[in-house]
Amino acid sequence: MSKAVKRDYDRLPEAGRVILVGAGPGAVDLLTLRGQAVLNKADVVIYDDLVNQELLDHCPTGAERIYVGKRAGMHCMPQQEIGEIMVREARKNRWVVRLKGGDPLVFGRGGEEMQALTAAGIPYEIVPGVTAAVAAGAMAEIPLTFRGAASAVVFVTGHECANKGDHAAVDWAALARTGATLCIYMGVRRLPEIARALAEGGLNGDTPLAVVSNATLPQQRVHVATLGLAETLSEQLRGQPTLIIVGEVVRWKELSQVAQPMAFGL
Ligand code: SAH
């Protein structure tokens, strides 16, 4: 068996670098050991909404904490400004941790942050995290792939930015035809529309879906329904971080109870 390679952060240059760390889906013990080792060394940590704030306890006491999420009723800090903060802090020769919910490179605008750091010539690295789709599947005990039922999984956003080019638009009808399990991020508000588009693409109204909100947290809820009943769920769940799983694999959860929306906790 090959020997596990563990990153030795004490051997890296002390300062002037940014580490984009995946905080995981919410539960504090779903941070990776690597993420924890990096936080232990932070001079400054830049974090946003979906990050469990208890994770900041892994930082040294004197570490500066910079919140860049959206406070109630206010908009997110513009991405450009977040980039500028990371660059500014790294230029102070500090060890900068950019802590992001889930995995930093899955719908987390980590790509833009890497671009900003590259443009400024700041060295960076990425520490992966448990992304919401994987956490939601595990917590709801829904296998995202299943021999004979689903051979592919799609991570897709239910919320598209207005300024994206056409190539980024989601072709729901095409996705409906793949037979893949669909893991929809940021999709609760538009769920009725999405369900209609999937139905137009040929997905049967009986196709089961699971809606998992606050996965891995004490307030976790799993609702199981069918595509045809998606509208009711959308109204109930707005405002919570929610992941929608669509596909036959959801039958694994509660085969007999998909006829009505149903909720169960942890
Ligand atoms: N980078 C993150 C995703 C950021 S986009 C990741 O890899 O998970 C934010 C969306 O992720 C939310 O709108 C929701 O759809 C999903 N999400 C994040 N945390 C979640 C959780 N604990 N439970 C359910 N969905 C979650």
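Helices here are DSSP runs of H or I with at least four residues, numbered from the N terminus. Keep that in mind for the exercises below, and remember that you're looking at a predicted model.

**Exercise 1. Find the residue that follows α2 and has a positive phi.**

Solution. Start with the helix itself: α2 covers residues 79–91. Step past its end and you reach N93, with a phi near 65°.

**Exercise 2. Check whether the span of α2 agrees or disagrees with its 13 residues.**

Solution. The expected span is 1.5 Å times one less than the number of residues. For the 13 residues of α2 that gives 18 Å. Now take the C-alpha atoms at the two ends: they sit 19 Å apart, so the two values agree.

**Exercise 3. Work out the strand order of the open sheet and name its edge strands.**

Solution. Go across the sheet and you'll read β3-β2-β4-β1-β5, five strands with parallel pairing. The edges are β3 (64–67) and β5 (124–127), since each of these pairs on one side only. On average, neighbouring strands are turned by 20° against each other, ignoring direction.

Next, zoom in on two of the pairings. β2 (residues 44–47) and β4 (residues 95–100) run parallel and are joined by 4 bridges; I46 has R98 as its bridge partner in β4. Over at β5, the parallel pairing with β1 also has 4 bridges, and L20 stands opposite I126.

**Exercise 4. Place α1 and α2 relative to the sheet, and list what is buried in α2.**

Solution. Take α1 (residues 33–40) to begin with: this helix lies across β1 (17–22), β2, β4 and β5, at about 140° to β4. Then turn to α2, which packs on the sheet and touches β1, β2, β3 and β4, its direction making about 155° with that of β4.

For burial, the cut-off is under 20% relative accessible area. In α2, that picks out Q79, I82, G83, I85, M86, V87, E89 and A90. These buried residues pack against β1, β2, β3 and β4, and against α3 (110–120) as well.

**Exercise 5. Sort the residues of β5 into a covered and an uncovered face.**

Solution. E125 and V127 go on the covered face, while Y124 and I126 go on the uncovered one.

**Exercise 6. Which residues are closest to the ligand, and which ligand atoms lie by the backbone of V106, A215 and T242?**

Solution. Of the 17 residues around the ligand, the closest are V106, T131, M186, A215 and T242. Now go atom by atom:

- V106: a backbone N or O atom is 2.7 Å from a ligand nitrogen.
- A215: a polar backbone atom is 2.9 Å from a nitrogen atom of the ligand.
- T242: a polar backbone atom is 2.6 Å from a ligand oxygen.

Key:
Residues numbered from 1 in each chain as written. Predicted model: local features only at pLDDT ≥ 70, side-chain atom pairs only at ≥ 80, totals over all residues. Heavy atoms only, no water. Pairing = 2+ DSSP bridges. Axes fitted to C-alpha atoms, helices over the stretch in contact; angles between N-to-C directions. Contact = heavy atoms within 4.5 Å. Buried < 20%, exposed > 50% of the residue type's maximum accessible area, 1.4 Å probe, protein only. Near = heavy atom within 4 Å. Polar contact = N/O pair within 3.5 Å; in protein donor to acceptor, adjacent residues only side chain to side chain.
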